[in-house]
Amino acid sequence: MNSHTENILQTEEEEEWVSKTRMKKQMNDLQQLGMQLTKLSADTLKKINLPEDLLQAVLSYQKISSNSALKRQAQYIGRLMREIDTAPISDFLSRLKGENSAHNAYLQRLEHLRERLIADDNSLTEVISQYPHIDINNLRTLIRNARKEQAAGKAPKAFRSIFQLLKNEITEDTQS
């Protein structure tokens, strides 16, 4: 082997080398990310689209009561986290916590749209023209009920339902 080839191999080895401390920190970070999953409900976990073995490990963790078994299960979850791409999980959790500014802006646009719908009938025509797939009859009924609730000072059940309907029908990527 000539010296040039040895230098290239040596450079590649140096770039791949990671200190033991850094590896431990990365593993702990992955385990902590996995522990955040254990605090979520089963329905929310299904929305993340986790690999089946990780989902089962998280659900099992939620059922365990023994401290030593919890520690072992946490380590197992951490090991499973090392085998997958964790970016989608991190994104989902940050959106869930409200740390994603684009998602927050989307939710604020929906809230503003809901308020306009309740305040002005012309807004309904705009929504129908922008989103023709939306359930118009249900939306009209909810708007009418929300106005009645506000007038009577009742709990805002229909008001909340309008937001949920908008959120289900208008996705972030279809927002203009």
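Here is a short tour of this protein's fold, its cores and its main pocket.

You are looking at a predicted model, so please read every value below as computed from it. The protein has ten helices and zero strands. Buried residues account for 31% of its 176 residues.

**Overall picture**

- Reading from the N terminus, the order of elements is α-α-α-α-α-α-α-α-α-α.
- Among contacts with a separation of 6 or more, 58% join residues that sit 24 or more positions apart.
- The protein exposes about 12,000 Å², and carbon and sulfur atoms supply 48% of that area.

**The nonpolar cores**

- In soluble globular proteins, nonpolar side chains tend to be buried together.
- Here, the largest nonpolar core holds 22 residues, and the members that touch the most others are Leu37, Leu45, Leu54 and Ile89.
- Helices α2, α3, α4 (52-63), α5 (67-82) and α6 each give two or more residues to this core.
- Helix α4 makes the largest contribution to this core, with six residues.
- Another core lies apart from this one; it has 20 residues, including Leu124, Ile134, Leu139 and Ala146.

**Two leucines to look at**

- Leu54 is one of the best-connected members of the largest core; setting aside neighbours within four places in sequence, Leu54 is in contact with Leu37, Ile77, Leu80, Met81, Ile84 and Ile89.
- Leu33 belongs to helix α2, which covers residues 20-37.
- Is Leu33 buried or exposed? Leu33 counts as buried because its relative accessibility is 10%, and the cut-off for buried is under 20%.
- Beyond its neighbours within four places in sequence, Leu33 is in contact with Met81, Thr86, Ile89, Ser90 and Leu93.
- One of these partners, Ser90, is 57 residues from Leu33 in sequence, yet their C-alpha atoms are 7.6 Å apart in space.
- Ile89 and Met81 are worth finding in the viewer, as both appear among the contacts of Leu33 and among those of Leu54.

**The largest pocket**

- Rolling a probe the size of a water molecule over the atoms shows where empty space is left.
- In this model, the largest pocket encloses about 340 Å³ of space.
- Twelve residues line the largest pocket, and those closest to its centre are Lys47, Phe92, Arg95, His103 and Lys167.
- Which helices each supply at least two residues of the lining? They are α3 (42-48), α6 (87-97), α7 (101-119) and α10 (157-169).
- By type, the lining of the largest pocket divides into four nonpolar, four polar and four charged residues.
- Helices α3 and α6 take part in the lining of the pocket and also in the largest nonpolar core.

Definitions and conventions:
Residues numbered from 1 in each chain as written. Predicted model: local features only at pLDDT ≥ 70, side-chain atom pairs only at ≥ 80, totals over all residues. Heavy atoms only, no water. Helix = DSSP H or I, 4+ residues; strand = E, 2+ residues; numbered from the N terminus. Buried < 20%, exposed > 50% of the residue type's maximum accessible area, 1.4 Å probe, protein only. Contact = heavy atoms within 4.5 Å. Areas by Shrake-Rupley, 256 points an atom, 1.4 Å probe, with all protein chains shown as cover. 1 Å grid on protein atoms, 1.4 Å probe; cavity = no way out; pocket = protein on both sides within 12 Å on 5 of 7 lines; lining within 4 Å. Points joined across faces, edges and corners; volume = space filled by probe spheres on them. Nonpolar A, V, L, I, M, F, W, Y, C, P; charged D, E, K, R; others polar. Core = buried A, V, L, I, M, F, W, Y, C linked by side-chain atoms within 4.5 Å.
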